[in-house]
Amino acid sequence: MMEEEYDRERLRNTVQACMANEDMKWYRFLLRNAICACPLRDEEEQAVLSGSMQTAEELARQFDGFTEPQLLLRKLGINMVYRSEELREPYLYMAIYEPAIQMVYLNNSILSLLREFISKNNLGIFTPIKDIERLALFHEAFHVLEENTPGIYTRSRMLQRKFLGVYHYERGLDSASEIGAIHFSKIMTQSTYSPCIYSRYVLLALGLIPLDSFLPNV
Ligand SMILES: [Zn+2]
C-alpha cells in the first residue's frame with residue numbers, strides 16, 4: 001500500500017461528515033461524474049435520480065426476505081468466486097457480474113485493501129468491515145435482477161435527445177444502473193450510510209484523490 005499523505009484525525013472527521021451526507025448528493029455526484037455523461041437538465045437529473053431509486057426500492061420490497069446476499073444470488077442461479085486483480089483501473093471494483101457465465105467475481109485485492117484501510121484508520125465504527133462483502137454482493141444481485149427484468153427503468157433509454165436538431169433518439173445512462181445497484185445494496189443491508197463511501201476509500205488509499213475532495217461537492 002502507498003504511504004498515505006493524509007492526516008488520520010482529518011480523515012476520521014471527513015468520514016464522520018460523510019455519514020450525514022444524503023443519498024441524493026452521492027447519486028447526483030455519480031451522475032455528474034460519469035464518463036461520457038451528456039449534460040442533463042435539472043428536471044432530467046431529478047427524474048433519473050428518483051426513477052433509479054424507485055426501481056431499487058421496488059426490487060428491495062420484492063426480495064426483502066433475503067437477509068443474506070449469497071442466498072439471493074444462489075436462488076437466481078449465480079455462482080460466486082474470489083479472484084485477485086491489479087490495484088489499478090479498470091480493476092478497482094469490489095465485485096463484478098458476468099452475465100454470460102452467470103458468475104459473480106469478488107475482487108479479493110480490493111476487499112483486502114478496504115479491510116486494511118478501515119482497520120488501520122479505525123473507521124470500523126462508521127463503516128463496519130463485515131458490511132463490505134454483503135454490500136458488494138447485493139449490488140451485483142441488483143445487476144442480475146436488471147438482466148432478468150426486460151424494460152427495467154435503470155436499463156432503459158430514458159433520455160430524449162435530438163441529432164442535428166431534427167432527428168430524435170433516445171439514450172440510456174450507465175450511471176442509472178449504478179445508482180440503482182448502490183441504493184438496492186444499501187436498503188437490503190439496512191445500512192445507515194451510503195455504500196458510495198467505499199469507492200472514496202479505495203481512491204484515497206491508492207492516492208488517486210486528495211482528502212480535500214473526499215466528500216463530494218455537489
Ligand atoms: Zn455496478
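A crossing of two helices is called right-handed if the near helix is turned clockwise from the far one by less than a right angle, and left-handed if anticlockwise. In the predicted model described here, this term applies to the crossing of H2 and H7, which is right-handed, and it recurs below for two further helix pairs that involve H7.

The secondary structure of the chain consists of eight helices and five strands, and, read from the N terminus, these elements follow one another in the order α-α-α-α-β-β-β-α-α-β-β-α-α. The C-alpha trace extends over about 55 × 40 × 30 Å along its principal axes. For a chain of 218 residues a compact globule would be expected to have a radius of gyration near 17 Å, and the value of 18 Å computed for this chain agrees with that expectation. Of the 218 residues, 30% count as buried. When contacts between residues at least 6 apart in sequence are considered, 69% of them join residues that are at least 24 apart.

Helix H7 (residues 174-189) packs against helix H3 (residues 42-62) at an angle of about 40°, the two axes lying 8 Å apart. Because angles from 35 to 65 degrees fall outside the roughly parallel and roughly perpendicular ranges, this angle makes H3 oblique to H7. The crossing of H3 and H7 is right-handed. On the side of H3 the contact includes Val 48, Leu 49, Ser 52, Met 53 and Thr 55, together with Ala 56, Glu 57, Leu 59 and Ala 60, and these residues meet Ala 176, Ile 179, Gly 180, His 183, Phe 184, Ile 187 and Met 188 in H7. Sorted by class, the contact of H3 with H7 comprises eleven nonpolar, four polar and one charged residues.

Helix H6 (residues 129-147) packs against H7 at an angle of about 130°, again with the axes 8 Å apart, which makes H6 oblique to H7. H6 passes H7 in a right-handed crossing. The residues of H6 that take part are Asp 131, Arg 134, Leu 135, Phe 138, His 139, Phe 142, His 143 and Glu 146, and they meet Ser 177, Gly 180, Ala 181, Ile 182, Phe 184, Ser 185, Met 188 and Thr 189 in H7. By class, the contact of H6 with H7 divides into seven nonpolar, six polar and three charged residues. Gly 180, Phe 184 and Met 188 of H7 are listed both in the contact with H3 and in the contact with H6.

Helix H2 (residues 23-33) also packs against H7, at an angle of about 150° and with the axes 9 Å apart; since this angle is over 145 degrees, H2 is roughly antiparallel to H7. In this pair, Asp 23, Tyr 27, Leu 30 and Leu 31 of H2 meet Ser 175, Glu 178, Ile 179 and His 183 of H7. The contact of H2 with H7 has four nonpolar, two polar and two charged residues. Ile 179 and His 183 of H7 are listed here as well as in the contact with H3.

Ser 109 belongs to another helix, H5 (residues 108-120). With 16 C-beta neighbours inside 10 Å, Ser 109 counts as partly exposed, as it falls between the limits of 12 or fewer for exposed and 20 or more for buried residues. Apart from its neighbours within four places in sequence, Ser 109 is in contact with Ser 84, Glu 85 and Leu 87. The C-alpha atom of Ser 109 is separated by 30 Å from that of Leu 59, a residue 50 positions away along the chain and one of those through which H3 meets H7.

Terms used: Residues are numbered from 1 along each chain as its sequence is written. This is a predicted model: local features need pLDDT of at least 70, side-chain atom pairs count only at pLDDT 80 or more; totals for chains, interfaces and linings use all residues. Helices (H or I, at least four residues) and strands (E, at least two) are DSSP runs, numbered from the N terminus. The radius of gyration is taken over C-alpha atoms; the globule rule is 2.2 Å times the number of residues to the power 0.38. Two residues are in contact if their C-beta atoms, placed from the backbone, lie within 7 Å. Axes are lines fitted to C-alpha atoms, for helices over the stretch in contact, and angles run from 0 to 180 degrees between N-to-C directions. Angles under 35 degrees count as roughly parallel, over 145 as roughly antiparallel, 65 to 115 as roughly perpendicular and the rest as oblique. Ala, Val, Leu, Ile, Met, Phe, Trp, Tyr, Cys and Pro count as nonpolar, Asp, Glu, Lys and Arg as charged, and the others, Gly among them, as polar.
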